[in-house]
Each structure stands twice: as C-alpha cells, then as structure tokens.
Amino acid sequence: MNKKIVGLHHVTAIASDPQRNLDFYIGLLGLRLVKRTVNFDDPGTYHFYFSDARGTPGTILTFFPWPAARRGRRGVGRIEATAFVISPDSAGYWLDRFKEQHVTAEKTPARFGEEVIRFTDPDGLLLELIASDSFGKTESWIDPAAAGPEQHSLHGFHSVSAALEGYERTANLLTKSFGYHLVEESGNRFRFAAPSESGPGRVVDLLCMPDSRPGTIAAGSVHHIAFRARNDAEQLQWREHLVELGYKVTSVIDRTYFHSIYFREPGGILFEIATEPPGFTLDEKLDELGMHLRLPPGMESARSQIERVLPPIKLPE
C-alpha cells in the first residue's frame, strides 16, 4: 500500500441534551453547525456536525445527542481527549472566556513545548486547546453573536489522545500502514504525526496506561475517530489493505456527505476512514449550512414522523 493517511477527518462523540450541546459548541466555542441531520441508524436522534466555516476535514466534531443518556467513563480502549489548535497568543483569552462563562478550565504543564488548556463539555467530554503556531489551513467561522474575534478562533484539530493498555500494536498500525512517524515521547505519551505537511488534525498521541480500567462509551465519550481518504478509490485501497492485515472491516457505507468504512484498531478503539468528498455543500448552499434539518433521500418520506420525534431546538442567538 503506497498511500498514506494525511490526518483526521472527524471525531464523533455522544452527548445528552441537544440544546445544551448546541449552546456549548456554537455559543461558547464559536464553531459552526454545518449540518443538522439525524443518526442514520437511529433517526429519532439528531446528528450535529460542528466545524470551521465549511466543514473542512480535520475540523469536524460531530455528536449523537441522546436525551437522558447516562454518563460514560474515561479509560483504556477509548479516546482520552480531543484537542483543538488555538494561536499562541490566545490562551489568555480562552481562560478568561471560560471563567466568564463559569466553565472549569485549567492550564496544564506545557506539552512538547506547547501550552495546553483542559476543560470538559457539559457531558464530561474531555477537550483541550493547544496553543501552537503550526496548524493547517482552515476557514474561521466569524459569528459576532457567538464566540469572540477571529484571531482567537479554533483552527481545527490539533490531535486526539488515545488511552491504551499497551500502545505497541496501535503504533505499528499507525507507522507501518498509515504512514505516521513517531515524533516525540514523554513518560507514557507517544506522539505520532501524519506525513502531510499541511492540513489540520495531523497528530495522534498514544497514552500507555496498563493499570487503568476500561472506559465505557456513553454521554461525554468519543464514539469513534475518522481518518481521511482523498476519494472513493483510495478508500477501497485502504479497505483491501486492512482486510489483508486481518482486520474486520465493514463494507463501504454511504453517509451522504462522505463514504465510510469502520474497523477496530488493536487497542479496541473504533476507527473509520472517511472520504473527503462530497462534502457538506452537497445539499445546502455554503451560507445556509446547518440552518435546516437535512435527511438522506431514503428518509425523506418519513420526514413528518421524524420531526415529531426529535426534540425542539433553537440555534444560539
């Protein structure tokens, strides 16, 4: 396999209250809701996509908000933290903003020379803002009714941190198959970077935590992470390669805005490889992204029933 993974496509997590989820990620963090749809496997539940201005791969954080969902637990076999990039002079702004909004946040010791702010969302999902002058090209979403000025906006993903009982087999997948390389290590943290020199979401940190208990997936936890493939042909090559390596890989699934294959990496975390096209402007104009409930063609005939089941929501003003 001569293709290489160039970085993350999206991260999908679980929430509970959909309105609270919208208020936090739009109203506080200033991300754009680029798609409001439903869980294709459970159409009585929303699927929200938050990102930069157009849904650039590597900036997309998505949620299945199940009202009254129980709280998950961090632990091995799960994503420990999801990190966004901020500019080096934005740490003070965000610490002040969190304090004003009564969000508990802390500045942790620098990690590989970069400042880190840790906080959780209303469901307990662990998030980080990492101050870095190295980030991929994104399109900032400027909404004066939401978060602050453009210079302090989020610039897509910096990295994800995966908690594993043993990291070696997962590291082997990243380096021998995906083309990542080990760039730094400190204590039980091993940092791997994609070979691409541009684009957000190039970094995966593996945390070796042999004495930790397994995590559980529920509200406040990451369901899966997705890496990006440039097109359908490249995705099929990845599927063939992974099957040859002995992984149980799903068939290609049409998610309307991208096509997906799924498999579990050696540490138990669900990995996806998603195509960059068609993208979120497939069924909405750029300036209308996220404004209306979009359903896949096969569900349009049931729109009235689906809308009756979904909880009412209002975008933050």
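**Note on aromatic pairs and pockets**

1. Ring pairs join Phe 24, Tyr 25, Tyr 46, Phe 48, Phe 50, Phe 63, Tyr 93, Trp 94, Phe 98 and Phe 119 into a cluster. The reader should keep in mind that this is a predicted model, and that the structure as a whole holds 25 aromatic pairs.

2. An aromatic pair that can be looked up in the structure is formed by Tyr 49 and Phe 258, whose rings stand edge-to-face with 6.3 Å from centre to centre and 70 degrees between the planes. This pair links distant parts of the chain, since Tyr 49 belongs to strand 3 while Phe 258 sits in the loop between strand 14 (253–254) and strand 15 (259–264), and the two are 209 residues apart. Both Tyr 49 and Phe 258 are buried.

3. A further edge-to-face pair is made by Phe 178 and Phe 227, with 5.1 Å centre to centre and an angle of 65 degrees between the planes. Here too distant parts of the chain are linked, with Phe 178 in the loop between helix 3 (168–177) and strand 10, Phe 227 in strand 13, and the two positions 49 residues apart. Phe 178 counts as buried because its relative accessibility is 0%, and Phe 227 counts as buried because its relative accessibility is 0%.

4. Turning to the pockets, the largest pocket has a volume of about 350 Å³. Its lining is made up of 21 residues, and those that lie nearest the centre are Ser 132, Ser 134, His 158, Arg 202 and Val 203. The elements that contribute two or more residues to this lining are strand 9 (157–164), strand 10 (181–186) and strand 11 (189–193). Sorted by class, the lining of the largest pocket contains 8 nonpolar, 8 polar and 5 charged residues.

5. The second largest pocket has a volume of about 250 Å³. It is lined by 17 residues, of which Asn 39, Asp 41, Phe 64, Arg 255 and Tyr 262 are the closest to its centre. Two or more lining residues of this second largest pocket come from each of strand 1 (8–15), strand 2 (32–39), strand 3 (42–51), strand 13 (222–229) and strand 16 (270–275). By class, the lining of the second largest pocket divides into 8 nonpolar, 6 polar and 3 charged residues.

6. Two of the strands named above connect these topics: strand 3, which holds Tyr 49 of the first pair described, and strand 13, which holds Phe 227 of the other, are both among the elements that give two or more residues to the lining of the second largest pocket.

Definitions and conventions:
Residues numbered from 1 in each chain as written. Predicted model: local features only at pLDDT ≥ 70, side-chain atom pairs only at ≥ 80, totals over all residues. Heavy atoms only, no water. 1 Å grid on protein atoms, 1.4 Å probe; cavity = no way out; pocket = protein on both sides within 12 Å on 5 of 7 lines; lining within 4 Å. Points joined across faces, edges and corners; volume = space filled by probe spheres on them. Helix = DSSP H or I, 4+ residues; strand = E, 2+ residues; numbered from the N terminus. Nonpolar A, V, L, I, M, F, W, Y, C, P; charged D, E, K, R; others polar. Phe/Tyr/Trp six-rings, centres within 6.5 Å; stacked < 30°, edge-to-face > 60°. Buried < 20%, exposed > 50% of the residue type's maximum accessible area, 1.4 Å probe, protein only.
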